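Let's take a walk through this structure together, one stop at a time. Have the sequence and the 3D view open, and find each spot as we reach it.

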Amino acid sequence: MRPTIKKIAELAGVTHATVSMVLNNKPGPSEAMKEKILKIVDEVGYVPDINARNLARGKNNTIGIFLLKFPQKKEDRIFYYYMELLQETMMEARKRGYTLLFFTDEDTTRHRVSYAEFCREQNLKTALFLSINKHDKNMAELQNLKTTQIILFDVEETENCNTIISDSYQGIKEMFEYFKEKNKKNIAIITGSEESGIATKKKIKEIDYFSKEFQINVEYYEGNFFMKSGYKIAKKIDTQKFDVIFAMNDAMAVGAMNALIERGIKVPEDIEIIGFDNLAVTSLIKPKLPSIAQDNLKIVEAFFKIIGNEDQIHKIMIPTKFIKN
């Protein structure tokens, strides 16, 4: 028999209204009560009747997630760092009774309509954009869209749109503190391409700042966020010059590690490799890969906080952290 809100209320020893408030992320119940009810929801496998709920509310409860620049090659998808964030988003959306609609696109194969038109066609309550460029031709229309709440992730702050930014500053600071502690003096940096936008430029600015503060030498090599670029760079790099190779994502770090192992260079004994994203898949790699991690749980928490408060524009920064592994 399918579990109901009434059954959850009985198991939790609370009223139907209290369970409803928790499931709809409404204020009132304590944090302890929320945890208790959500635990019971997971245990009994409760799934809300979304159609009935939306009918009762008189509105659509569908969230659109736009996965832009989705990698075409399977080996690149393994290291697609949005995947873990999306898993957490899907789990939380399920608990809260939202329907998710995914949309993928490439710059070379634009959809026949604009993003704003697509949001209106699908009657989306909220649209979350991943990897959109601040200068995308669709941005002006999205900023003025009234029918759908727009949330941008990891772009430079933009007026009239909600933004959530996984801030690299703290993680890079902690990494340089680690370099100082371990007496690492010379660092090779594998960056993203020039077209990768504000995120790469921001990381370079932070690296330049902390390299001066901690008196550490850095040298840049341009990659493109794909594993093969890390591999090609590490095949040629003079490892005698450097104590560490830091790649701006885990894919390039793994590519660099593979190249060094092929060259007979020991990692981390001869040279250390550090990545960025701290993806779960890297836990399968030997030796383990130190990495800078974004806080997916806090990002998802911020996402649903914005959805629950549509009366203002939110700008939320979520700090990263350095994981030594």
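Let's begin with a pair of helices. Helix α6, which covers residues 82-96, packs against helix α13, residues 296-307, at an angle of about 45°, and their axes are 9 Å apart. Because of that angle, α6 counts as oblique to α13. If you look at the handedness, α6 passes α13 in a right-handed crossing. Keep in mind as you look that this is a predicted model.

Which residues make the meeting between these two helices? On the α6 side you'll find E84, L85, E88, T89, E92, A93 and R96, and on the α13 side they meet N296, L297, I299, V300, F303 and F304. Sorted by class, this contact has seven nonpolar, two polar and four charged residues.

Now swing over to another helix pair. Helix α1 (residues 5-12) and helix α3 (residues 31-44) have axes that come within 10 Å and cross at roughly 125°. That angle is the reason why α1 is called oblique to α3. The crossing of α1 and α3 is right-handed. Here α1 brings I8, L11 and A12 to the contact, while α3 brings K36, I37, I40, V41 and V44. What classes do the residues of this contact fall into? The contact of α1 with α3 has seven nonpolar residues, no polar ones and one charged.

Time to step back and take in the whole chain. It has 13 helices and twelve strands. Along the principal axes, the C-alpha atoms fill a box of roughly 65 × 45 × 35 Å. The chain runs to 325 residues, and 49% of them count as buried. How do the contacts spread along the sequence? If you take the contacts between residues at least 6 apart in sequence, 70% of them join residues at least 24 apart.

For a close look at one buried residue, go to F179. You'll find F179 in helix α9, which spans residues 169-181. Is F179 buried or exposed? Its relative accessible area is 0%, so F179 is buried. Leaving out residues up to four places away in sequence, F179 touches K184, I187, I216, V244 and I274. For a sense of distance, try I306: F179 and I306 are 127 residues apart along the chain, and 37 Å separates their C-alpha atoms.

Next, the cysteines. A disulfide is a covalent bond between the sulfur atoms of two cysteines. How many disulfides does this structure hold? The count is zero. Take C119, which is in no disulfide: the nearest cysteine sulfur belongs to C161 and is 10 Å away. The cut-off for a disulfide is a pair of cysteine sulfur atoms within 2.5 Å, so C119 and C161 don't make one. Turn it around and C161 is likewise in no disulfide, with the sulfur of C119 as the nearest cysteine sulfur, 10 Å away. C119 has 1% relative accessibility, so C119 counts as buried. C161 also has 1% relative accessibility, and therefore C161 counts as buried.

Our last stretch has some backbone details. Where does the first stop, P268, lie? P268 is in the loop between α12 (250-262) and β9 (272-277). The peptide bond that leads from V267 to P268 is cis, with omega near 5°. Further along, K286 and P287 are joined by a cis peptide bond with omega of about -5°. P287 belongs to the loop between β9 and β10 (291-293).

Between those two prolines, look for D277 and N278. D277 is found in strand β9. Its phi is near 125°, a positive value in a residue other than glycine. N278 isn't a glycine, yet N278 has a positive phi of about 50°. You'll see N278 in the loop between β9 and β10. How do they fare for exposure? D277 has 11% relative accessibility, so D277 counts as buried. N278 has a relative accessible area of 22%, and therefore N278 is partly exposed.

Note on methods
Residues are numbered from 1 along each chain as its sequence is written. This is a predicted model: local features need pLDDT of at least 70, side-chain atom pairs count only at pLDDT 80 or more; totals for chains, interfaces and linings use all residues. Side-chain values use heavy atoms; hydrogens and water are left out. Axes are lines fitted to C-alpha atoms, for helices over the stretch in contact, and angles run from 0 to 180 degrees between N-to-C directions. Helices (H or I, at least four residues) and strands (E, at least two) are DSSP runs, numbered from the N terminus. Angles under 35 degrees count as roughly parallel, over 145 as roughly antiparallel, 65 to 115 as roughly perpendicular and the rest as oblique. A crossing is left-handed if the near helix is turned anticlockwise from the far one by less than a right angle, and right-handed if clockwise. Contact means heavy atoms within 4.5 Å. Ala, Val, Leu, Ile, Met, Phe, Trp, Tyr, Cys and Pro count as nonpolar, Asp, Glu, Lys and Arg as charged, and the others, Gly among them, as polar. Buried means under 20% relative accessible area, exposed over 50%, partly exposed in between (1.4 Å probe, protein chains only).
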